[in-house]
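Here's a structure to explore together. Take a moment to turn it around on your screen before reading on.

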Amino acid sequence: MSQDYATKPECVLVTGAAGFVGRHVVATLLDRGRRVVALQQRKALPPDVQPQCERVLSGDICDPAIQQEALRNAQVVCHLSAYIPVKLDDLQEAAACYLINARATLELALAASERGVRRFVHLSAGNMYAPSDRPCTESDSLFPADYATGYFVSKLAAEIYLAHVCQRTAMEVVILRVGTPYGPGEPSHKVIPTFLRQAAQAQTLRLLNGGGTRFNFVYIADVADCAVRAIESGSPGIYNVASGEHTSLREIAQTIVELFPDRKVPLHVEPATPVAFSGFPALSIDKARQMWRFVPRPLAEGLRDYRASLAKDGVRS
């Protein structure tokens with residue numbers, strides 16, 4: 001061999017590599033000179049990215065043979081593969097969520113520990129916390145009964161399984177509870193790309209429930225950066241990953257309107273209703289800041305970057 005294997009960078013298996021978050025994580029790893037094995041299923045990585053990966057596999061994360069092949073020569077796993085229902089409030093999807101998000105995660109973690117994988121980084125959900133009047137820390141109670149319950153319960157089950165594996169094996173486990181990521185590559189029907197497209201065309205931005213529903217938005221590049229930092233270093237444990245801003249949809253819309261001062265974009269705010277979903281509790285990101293010097297960009301800066309990306313891709317602005 002022209003280069004001793006031990007001197008090579010660690011090989012990182014990224015599951016869900018072609019998804020919204022996965023593409024950004026893969027790109028960040030490659031930019032940093034890391035060896036990447038990408039596991040994709042429904043979507044495919046861009047043609048210019050695939051040759052840069054050490055291996056690109058296509059298959060079902062629930063298939064034990066696919067898991068074993070993907071883990072071959074991997075020293076670190078970044079597990080992003082997940083099933084997200086189209087209708088998040090549909091409990092008929094709970095079984096599918098559990099199969100992919102919980103059971104397959106457990107099986108992959110067990111297989112990884114048996115193969116001597118050093119570290120297992122898992123992206124979980126930051127919106128599972130019980131209602132709170134202050135920013136939630138990683139030790140606060142989880143009780144995702146209000147919204148997307150089938151999905152969030154499956155993500156919580158995966159965390160519990162991973163904690164069990166971590167306690168009983170030598171494999172380090174890092175769990176990143178990510179808020180609501182946004183940015184280039186996210187599904188076009190989501191609220192922020194929808195508002196950006198509408199604002200670019202001077203269309204009315206319509207807000208339900210008084211626009212008061214609150215989220216922990218975080219720019220996708222910041223999520224990818226934190227995930228790669230967790231792959232490379234840091235103590236095992238659970239970390240919230242968000243922007244540190246607790247933002248209402250009305251604040252989002254007003255910030256986007258300010259990005260298009262020449263368009264005079266109108267807002268239409270429908271009255272608030274007492275039974276409407278009010279959003280997720282705020283997240284504290286102090287732990288991630290301390291561990292990795294995580295400094296996510298402010299919302300206004302992220303929206304500017306996102307607008308520039310959409311304009312580059314052909315959205316009139």
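We'll look at two helices and then at one residue in a loop. Keep in mind that this is a predicted model.

Let's start with helix α3, which runs over residues 94–114 and so has 21 residues by the DSSP assignment. From its first C-alpha to its last, α3 reaches 29 Å, close to the 30 Å expected at 1.5 Å a residue. Follow it along and you'll find a kink of about 30°, centred on A104. A104 is also one of the buried residues of α3, and others among them are C97, I100, L108 and A112. What covers them? The cover includes β1 (11–15), α2 (64–71), β4 (76–79), β5 (119–125) and α4 (149–168). After α3 comes G116, with a positive phi near 80°.

Now jump to helix α9, at residues 299–312. Its 14 residues reach 20 Å from first C-alpha to last, close to the 20 Å expected. The buried residues here are L299, G302, L303, Y306, S309 and L310. They sit on the same side of α9, because they cover an arc of only 120° around the axis. It helps to know that an α-helix has 3.6 residues a turn, so residues three or four places apart point the same way. That buried side of α9 packs against β7, α5, β10 (217–219), β12 (247–248) and α7 (249–258).

Two of those partners lead us to S188, which lies in the loop between β7 (180–182) and α5 (191–200). Is S188 buried, exposed or partly exposed? It counts as partly exposed, because its relative accessibility is 48%. Leaving aside neighbours within four places in sequence, S188 is in contact with P193, T194 and R197.

How values were computed:
Residues numbered from 1 in each chain as written. Predicted model: local features only at pLDDT ≥ 70, side-chain atom pairs only at ≥ 80, totals over all residues. Heavy atoms only, no water. Helix = DSSP H or I, 4+ residues; strand = E, 2+ residues; numbered from the N terminus. Buried < 20%, exposed > 50% of the residue type's maximum accessible area, 1.4 Å probe, protein only. Contact = heavy atoms within 4.5 Å. Expected span 1.5 Å × (residues − 1). Arc of directions from axis to C-beta. Bend = angle between axes of the 7 residues up to and from the residue.
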